[in-house]
Amino acid sequence: MRAPSFLARLRGRGRSLASARLTRRGTVVLAAGAALAVLGVTLGLPDLVGLGVAGALAVGAAWCWMAVRRIDRGRGALHVTRRVQPNPAVRGQFTTARLTVAAARATSSTATTLARLRISEQAAHELCDQGSLRAQVATVGDHIAVRYRLRPLRRGRWPLGPLLTTRVDLFGLVSATQELGDPTAVAVWPRTVELPVRGSRAFGEHERSASGARLASSDDSVLRDYVAGDDPRRVHWASAARHGQLMVRADESAGLPPVSVLLDRGLLPHPELAASSPRALEDGEWAVECAASIGVSLLQAGHPVRLVPTSLAPVVSGTGFRVNRSGEGPADLLDATVDLHGHHVVADADRSVVATSEALRRDRRPGEITVAVLGPLGSVARHTVAAMAGDGLHRALVVSARPWAPEHADALETVAALRSTGWHAALVDPSASLEHAWTLLVEGSR
C-alpha cells in the first residue's frame, strides 16, 4: 500500500454516494463517443451516431453504478479492523498499526473485489513525522492485511482513519473513492524520564521527622487475602504464617508521604493558538513532561501521587491518589495528561491557579508534599500559592520565559514570593533537561 500524505483532518463520514470520476480511459471513450455522434449527425450517418451514443452511454452507466454502489453494504460488504499497539502511544516513540480489510461474508466475487481495491490510510499529521506510510501489505484470499508504523509528534488524542478505498469498474472507465470503516482514536502520552528518587525519599524522611506520628508506618499496611494475579513480592509472610493463608499488603505506600503534583495549565497554549505559537507549544509540552516524569518517578518510589492540573472548577479529592507502583498507577497519571490544553482566555490562567491552590489547601492530607510546575504568576495567584506553605514540604519549579520576555520579571517575583513563605522554589529554563530541573527541585535552597 502506498498512502498519500497524511491529512490534518479526517474527511467527512457517512456520505450516501461514493466520489466517482472518470479514468483516463473513460475520458477518452466519452470524448470519442461525443466526437463520433457529432460527426455522424453532420454526415447524416445514423450508425456512426449510434456508435458514439453507445460509448457515451457506457461511460454514463459505469459512472452511475460506481457512484451508487457502496462496498460496505449488501452481500460481500467489506469491513475494516484496525489495531494500534501500544495504545496509548508515547510521543516520539514508534507504535505499530495493523489493519485488516475483509468481507463480512465471503462470496465468489470477494477475491476479485479485493484484487481491484486500492487502499490508503488517513491520519492526523501529529501521528507521523513523514509524508507517507511505508506499509507491509499481504493479500491472502479473502482479506488484505496491512502493517505500518507511526511515530507520534505531539501529545494528545488523534484520529487514525477511516480507510480511503479506490476501485475501478470492470472496463476501467470510472474510479470511485469511498471511506471505509470508522476512525480509531490514538492517545499519545507525554515522554517521561526516569528521575533519581533517592532525593525524593530524603525529603520524605525529612517530612516524617517533622510531622512525627501523623504519618503511618510501613508496618501499618492494610492486609487482605491473596488473590490470583497479586504480586508475590507483596505477600506478608509473617501474617500468612499466623493465619495459615497467604496475605498481601493492600498499600505498600503507607510509610511514605503523599504527593500532589500541581501543573499550571497556563503554561500550555490553547489548541486554536498552538499552530501559531510553536515556541509556547514546545515550552508547554516540556512542562507537561516534567510534571508527568515527577509524578511517575515518585509513584514508583512508593509515594501515593495525584496529578492536579489547574482549573477554574477544580475537582480535588483525597481519594485521587494513585498507589499502584506499576501498571495502572503510572498509566492513570499519564492518561490524565492526554487531553490537557491551555485556557482560551489568558486571564483564566491565574484564576485557575487561585481556585486550584485553595482547593488543594482545603483537601490537604497530614504531611502531604506539594510539587508544583508553574508559569510566571500574577500578584494574586503567586500570593495564593505561597500561602499554601505550612506543615510539610512544598517545592516548585517556575518555568521562566526567555530573559528578554516581559513575563520573566513575573517569574522572578513568583520565585521570590514562594521562597518568602518557605517553599523550595527554583527558576528553570524549558530548554534544560528534565534531570537538571529535578536536581534543582530536590537540592534547591529556600
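**Exercise 1. Cis prolines**

Find where Pro 162 sits in this predicted model, then look at the peptide bond that leads into Pro 162.

*Solution.* Start with the place: Pro 162 falls in the loop between strand E8 (156-160) and strand E9 (163-168). Next, check the bond: Gly 161 and Pro 162 are joined by a cis peptide bond, with omega about 0 degrees. Now go to Pro 86. The peptide bond from Gln 85 to Pro 86 is cis too, with omega near -5 degrees. Pro 86 is in the loop between strand E2 (78-85) and E3.

**Exercise 2. A bridge from a loop to a helix**

Work out which parts of the chain the salt bridge between Arg 91 and Glu 289 ties together, and decide whether each partner is buried or exposed.

*Solution.* First, the contact: the side chains of Arg 91 and Glu 289 meet at 2.6 Å, N to O. Second, the location: Arg 91 belongs to the loop between strand E3 (89-90) and strand E4 (95-103), while Glu 289 belongs to helix H7, so the pair ties together parts 198 residues apart in sequence. Third, the burial, for which the cut-off is under 20% relative accessible area. Arg 91 has 16% relative accessibility, so it counts as buried. Glu 289 has 7%, so it counts as buried as well.

**Exercise 3. Two further bridges**

Take the salt bridges Glu 368 to Arg 306 and Glu 413 to Arg 382, and do the location and burial steps for each.

*Solution.* Begin with Glu 368 and Arg 306, whose side chains come together at 3.2 Å, N to O. This pair links distant parts of the chain: Glu 368 is in the loop between H9 and strand E16 (369-374), Arg 306 is in strand E15 (residues 305-309), and they are 62 residues apart. With a relative accessible area of 2%, Glu 368 is buried. Arg 306, at 3%, is buried too.

Then turn to Glu 413 and Arg 382, where the closest N and O atoms are 2.6 Å apart. Glu 413 lies in helix H11 and Arg 382 in helix H10 (residues 379-386), so this bridge ties together parts 31 residues apart in sequence. The burial step splits the pair: Glu 413 is partly exposed at 39%, whereas Arg 382 is buried at 9%.

To finish, look for shared partners: salt bridges join Arg 91, Arg 191 and Glu 289 into one network. The whole structure holds 14 salt bridges.

**Exercise 4. The largest pocket**

Describe the largest pocket: how much space lies in it, which residues are closest to its centre, and what classes make up its lining?

*Solution.* Volume comes first: about 780 Å³. Then the lining: there are 30 lining residues, and Gly 266, Leu 267, Ala 280, Pro 376 and Glu 407 are the closest to the centre. The elements giving two or more residues to this lining are helix H7 (278-300), helix H9 (347-362) and helix H11 (407-420). Last, sort by class: 16 nonpolar, 7 polar and 7 charged residues.

**Exercise 5. A nonpolar surface patch**

Which residues form a nonpolar patch on the surface with about 240 Å² of accessible area together, and where does Leu 30 belong?

*Solution.* The patch is made of Leu 22, Leu 30 and Trp 63. Now place Leu 30: this residue is in helix H1 (residues 24-43). Then check its exposure. A patch member needs over 30% relative accessible area. Leu 30 has 34% and is partly exposed.

Conventions
Residues are numbered from 1 along each chain as its sequence is written. This is a predicted model: local features need pLDDT of at least 70, side-chain atom pairs count only at pLDDT 80 or more; totals for chains, interfaces and linings use all residues. Side-chain values use heavy atoms; hydrogens and water are left out. On a 1 Å grid over the protein atoms alone, a cavity is a set of points where a 1.4 Å probe fits but cannot get out, and a pocket is an open set with protein on both sides within 12 Å along at least five of seven lines; lining residues have an atom within 4 Å of a point. Grid points are joined across faces, edges and corners, and a volume is the space filled by probe spheres set on the points. Helices (H or I, at least four residues) and strands (E, at least two) are DSSP runs, numbered from the N terminus. Ala, Val, Leu, Ile, Met, Phe, Trp, Tyr, Cys and Pro count as nonpolar, Asp, Glu, Lys and Arg as charged, and the others, Gly among them, as polar. Patches are made of residues with over 30% relative accessible area and no salt bridge: like charges are joined within 9 Å, nonpolar side chains (Val, Leu, Ile, Met, Phe, Trp, Tyr) within 5 Å. Accessible areas come from the Shrake-Rupley method with a 1.4 Å probe; for residues, only the protein chains shown count as cover. A salt bridge is a side-chain nitrogen of Lys or Arg within 4 Å of a carboxyl oxygen of Asp or Glu. Buried means under 20% relative accessible area, exposed over 50%, partly exposed in between (1.4 Å probe, protein chains only).
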